[in-house]
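Trainee: I keep meeting labels such as "buried" and "salt bridge". Can we test them against the values?
Mentor: Yes, let us take them one by one.

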Amino acid sequence: STQESPEVVIAVSDYTPDTLSRGTGSLKKGERFLLRRSSDMARKWCHVRRENEGHIFAPSSFLVKERDMPDFEKTTNINSTGG
């Protein structure tokens with residue numbers, strides 16, 4: 001099986017876990033992470049890591065794949081105008 005290069009995901013908002021149990025970590029908006037498994041994004045929590053650091057668990061809803069960012073920003077801008 002070919003080893004696929006890890007997918008880059010970007011935090012779309014800050015996140016601080018209630019407790020630091022089970023390896024959850026905090027996110028800073030705009031921070032880049034490497035996704036361990038692409039399929040993780042379909043789950044509620046995914047395994048990500050910063051460059052040269054260990055994995056943390058982060059909520060998938062706070063992360064967007066780098067290649068999906070243009071679409072995400074488009075829809076976010078549409079939703080946030082005229083509020």
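Trainee: Where is the place of Glu51?
Mentor: Glu51 sits in the loop between S3 and S4. Keep in mind that this is a predicted model.

Trainee: Why is Glu51 called exposed?
Mentor: Its relative accessible area is 56%. Exposed means over 50%. So Glu51 counts as exposed. In sequence Glu51 and Arg32 are 19 residues apart, yet their C-alpha atoms are 8.6 Å apart in space.

Trainee: Why does Arg32 count as partly exposed?
Mentor: Arg32 has 49% relative accessibility. Buried ends under 20%, and exposed begins over 50%. The value lies in between, so Arg32 is partly exposed.

Trainee: What makes Glu66 and Arg32 a salt bridge?
Mentor: Their side chains meet at 2.4 Å, N to O. The cut-off is 4 Å, from a side-chain nitrogen of Lys or Arg to a carboxyl oxygen of Asp or Glu. The pair therefore passes. The two residues come from distant parts of the chain, 34 residues apart: Glu66 is in the loop between strand S5 (63-65) and helix H1 (69-80), and Arg32 is in strand S2. Glu66 is partly exposed, at 32% relative accessible area.

Trainee: How many salt bridges does this rule count?
Mentor: The count is eight.

Trainee: How do you know that Arg43 and Asp40 form one of them?
Mentor: Their closest N and O atoms are 2.9 Å apart. The limit is 4 Å, so the label holds.

Trainee: Which of the two partners is buried, and which is partly exposed?
Mentor: Asp40 is buried, at 3% relative accessibility. That value is under 20%, so the word fits. Arg43 has 46% and counts as partly exposed.

Trainee: Why do Asp71 and Lys74 also form a salt bridge?
Mentor: The closest N and O atoms lie 3.7 Å apart. The cut-off is 4 Å, so this pair is within it. Both residues belong to helix H1, three residues apart, which is about one turn of the helix. Lys74 is exposed at 53%, whereas Asp71 is partly exposed at 46%. Elsewhere, salt bridges that share partners join Glu7, Lys65 and Arg67 into one network.

Trainee: Why is His47 called buried?
Mentor: His47 has 15% relative accessibility. Buried means under 20%, so His47 is buried. This residue is in strand S3. Leaving aside neighbours within four places in sequence, the contacts of His47 include Leu34, Asp40, His55 and Phe57.

Trainee: Now the rings. How many aromatic pairs does a search of the whole structure find?
Mentor: The search finds two.

Trainee: Why is the pair of Tyr15 and Trp45 edge-to-face?
Mentor: The ring centres are 6.4 Å apart, and the planes stand at 70°. Centres must lie within 6.5 Å, and an angle over 60 degrees counts as edge-to-face. Both tests are met, so the label follows. The pair links distant parts of the chain: Tyr15 is in the loop between S1 and S2, and Trp45 is in strand S3, 30 residues apart. Tyr15 is buried at 14%, and Trp45 is partly exposed at 29%.

Trainee: Why are Tyr15 and Phe62 called tilted?
Mentor: Their ring centres are 5.0 Å apart, with the planes at 55°. Stacked needs under 30 degrees, and edge-to-face needs over 60. The angle fits neither, so the pair is tilted. Phe62 is in the loop between S4 and S5, 47 residues from Tyr15. At 23% relative accessibility, Phe62 counts as partly exposed. Together the ring pairs link Tyr15, Trp45 and Phe62 into a cluster.

Trainee: What makes up the largest nonpolar core?
Mentor: There are 12 residues, among them Val9, Tyr15, Phe33, Met41 and Leu63. Strands S1 (7-11), S2 (32-35), S3 (45-49) and S4 (55-59) each supply at least two residues of this core.

Trainee: Which residues does Met41 touch?
Mentor: Not counting residues up to four places away in sequence, Met41 touches Val9, Leu35, Cys46, Ser60, Leu63, Val64 and Lys65.

Technical notes. Residues numbered from 1 in each chain as written. Predicted model: local features only at pLDDT ≥ 70, side-chain atom pairs only at ≥ 80, totals over all residues. Heavy atoms only, no water. Core = buried A, V, L, I, M, F, W, Y, C linked by side-chain atoms within 4.5 Å. Buried < 20%, exposed > 50% of the residue type's maximum accessible area, 1.4 Å probe, protein only. Helix = DSSP H or I, 4+ residues; strand = E, 2+ residues; numbered from the N terminus. Contact = heavy atoms within 4.5 Å. Phe/Tyr/Trp six-rings, centres within 6.5 Å; stacked < 30°, edge-to-face > 60°.
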